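Open the model in your viewer and keep the selection panel at hand. We will walk around the ligand.

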Amino acid sequence: MEKFVIKGGTPLEGEVTISGAKNAAVAILPATILASGKCVIENLPCIRDVNVSLEILHALGAQIRMLDRNTYEIDTTHLTGTEVPDELSRQMRASYYFLGALLSRFGRAQVAMPGGCNLGPRPIDQHLKAFSALGAVDSVDYGMISVRAQKLTAAHIFFDKVSVGATMNGMLSAVLAEGQTVLENCAKEPHVVDLANFLNMCGADVRGAGTDVIKVRGVAQMHGCDYSIIPDQIEAGSYMVAAAATGGNVLVKNVIPKHLEPITVKLERAGAVIEEFDDAVRVSRTGELHPLKINTMPHPGFPTDMQPLMSVMLSVAKGTSTVTEGIWDNRFRYVDELARMGANIQVDGQIAVIEGVEKLQPAPLRASDLRAGAALVVAALMANGTSEISEIQHIERGYENIVEKLQALGAQITRIETHPAALSQAL
Ligand code: UD1
């Protein structure tokens with residue numbers, strides 16, 4: 001078991017380069033199945049969820065060549081399987097994209113009920129609604145979801161809930177279906193647009209991604225392409241919050257500033273100064289932190305994945321903040337850990353009321369999921385003294401080189417094996 005040991009209290013300063021978007025990568029990798037040819041995918045973040053996606057493709061019979069740490073050539077011409085191995089699909093939520101991609105190309109797919117962060121119930125009824133509208137039948141047997149179709153035919157699908165996963169699976173399953181599929185009440189996140197761009201580069205005909213209505217005209221065949229994944233909005237937002245929370249000054253490079261606007265607006269209201277460049281933002285703060293009201297919502301609202309990070313920062317703002325979680329039922333589990341650090345946060349259902357305290361105290365902490373874990377890293381960076389964070393495998397699912405990137409910003413963070421001798425030598 002590994003831990004992060006973090007000696008906080010130092011403002012972060014310097015430059016950080018943002019990696020490719022996890023949530024785009026975990027959809028685009030399964031989408032290479034539709035290309036039934038060679039794709040070169042660049043700017044893949046080197047993180048566990050990407051490795052698991054590559055392992056699944058390999059297990060299905062894809063030929064995979066690593067061109068460099070962040071670039072892979074994937075040839076899905078001679079795929080042999082349509083069943084995603086149970087032990088791999090359980091490791092991440094996004095394994096559900098293999099359902100849409102395999103169904104589309106082979107008319108059948110089998111994937112175990114997906115794993116990933118425990119944020120409360122994570123149904124996939126809207127994904128299945130899209131598959132069924134296109135002509136597929138689904139069944140769940142012994143924890144495995146199977147979908148099967150003789151032929152997929154275009155349909156008009158209205159999602160009852162705005163869902164990133166269902167929108168992307170709707171696109172994946174419709175690109176080769178006969179006729180024009182209309183998807184309504186779609187998610188508009190940047191990674192939805194990135195998947196549509198990738199599919200179009202492979203010869204698909206997808207229009208309207210980034211709006212409520214996406215139209216997919218089925219094509220007979222798709223081909224491989226070279227594609228570079230967009231920068232990760234949430235990784236960028238995490239470093240922006242870390243800079244503001246520690247009173248630092250950080251240039252966050254390789255970003256699309258437009259994607260960061262919902263985060264930028266809130267950070268400015270909290271007292272940070274943000275300068276935008278073509279593909280970078282500089283975040284600094286010298287004055288005090290102001291309290292905020294935050295409601296998480298589908299894009300372009302404030303992203304739920306930034307909620308734990310923002311709450312950590314607000315725990316030392318001067319005054320009372322309210323944070324309303326509008327997407328997930330169980331996304332305040334990190335609050336108990338923050339309480340150990342002296343934070344004053346009362347949670348009632350989906351609302352957290354945060355009374356700012358003077359400062360956070362160091363403590364032993366446990367990451368409960370990916371973004372909660374990242375939030376605890378920021379909390380530890382803010383506290384004067386040494387904190388340890390365990391269960392860091394959650395954090396490493398989604399943040400490439402987090403230790404090296406933070407160290408380059410002046411943070412005192414080390415990754416250690418958890419036996420007592422290692423801990424005493426760490427700092
Ligand atoms: C994706 C992101 C996740 C982020 C979330 C919301 C990936 C791999 N993960 O998750 O980090 O927190 O978007 O921005 O991209 N819902 C249903 N039925 C469905 C599907 C979803 O009721 O069939 C509900 C969910 O319970 C949730 C809401 O819709 O309340 C949004 O979920 P969704 O957008 O689907 O999240 P994911 O795609 O799983």
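The stops below go from the pocket to the individual contacts.

This is a predicted model: local features need pLDDT of at least 70, side-chain atom pairs count only at pLDDT 80 or more, and totals for chains, interfaces and linings use all residues. Numbering starts from 1 along each chain as its sequence is written, and side-chain values use heavy atoms, without hydrogens and water.

Select the ligand. It sits in the largest pocket. A pocket is an open set of points on a 1 Å grid over the protein atoms alone, where a 1.4 Å probe fits, with protein on both sides within 12 Å along at least five of seven lines. To sit there, more than half of a molecule's atoms must lie within 2 Å of the grid points.

Next, show the shell: residues with a heavy atom within 4 Å of the ligand. There are 21 residues around the ligand, and Gln126, Ser163, Val164, Asp305 and Ile327 come nearest. The shell divides into nine nonpolar, six polar and six charged residues.

Color by domain (bounds from an automatic or database assignment). Domain 1 (2–19 + 231–426) and domain 2 (22–217) both give residues to the shell, so the ligand lies between them.

Select helix 5, a DSSP run (H or I, at least four residues). Helix 5 gives the most to the shell, with three residues.

Now turn to the ligand's oxygen atoms. Pick isoleucine 327: a polar backbone atom is 2.6 Å from a ligand oxygen. At glycine 165, a polar backbone atom is 2.9 Å from a ligand oxygen. Finish at asparagine 23, where a side-chain N or O atom is 3.3 Å from a ligand oxygen.

Notes. Polar contact = N/O pair within 3.5 Å; in protein donor to acceptor, adjacent residues only side chain to side chain. 1 Å grid on protein atoms, 1.4 Å probe; cavity = no way out; pocket = protein on both sides within 12 Å on 5 of 7 lines; lining within 4 Å. Helix = DSSP H or I, 4+ residues; strand = E, 2+ residues; numbered from the N terminus. Nonpolar A, V, L, I, M, F, W, Y, C, P; charged D, E, K, R; others polar.
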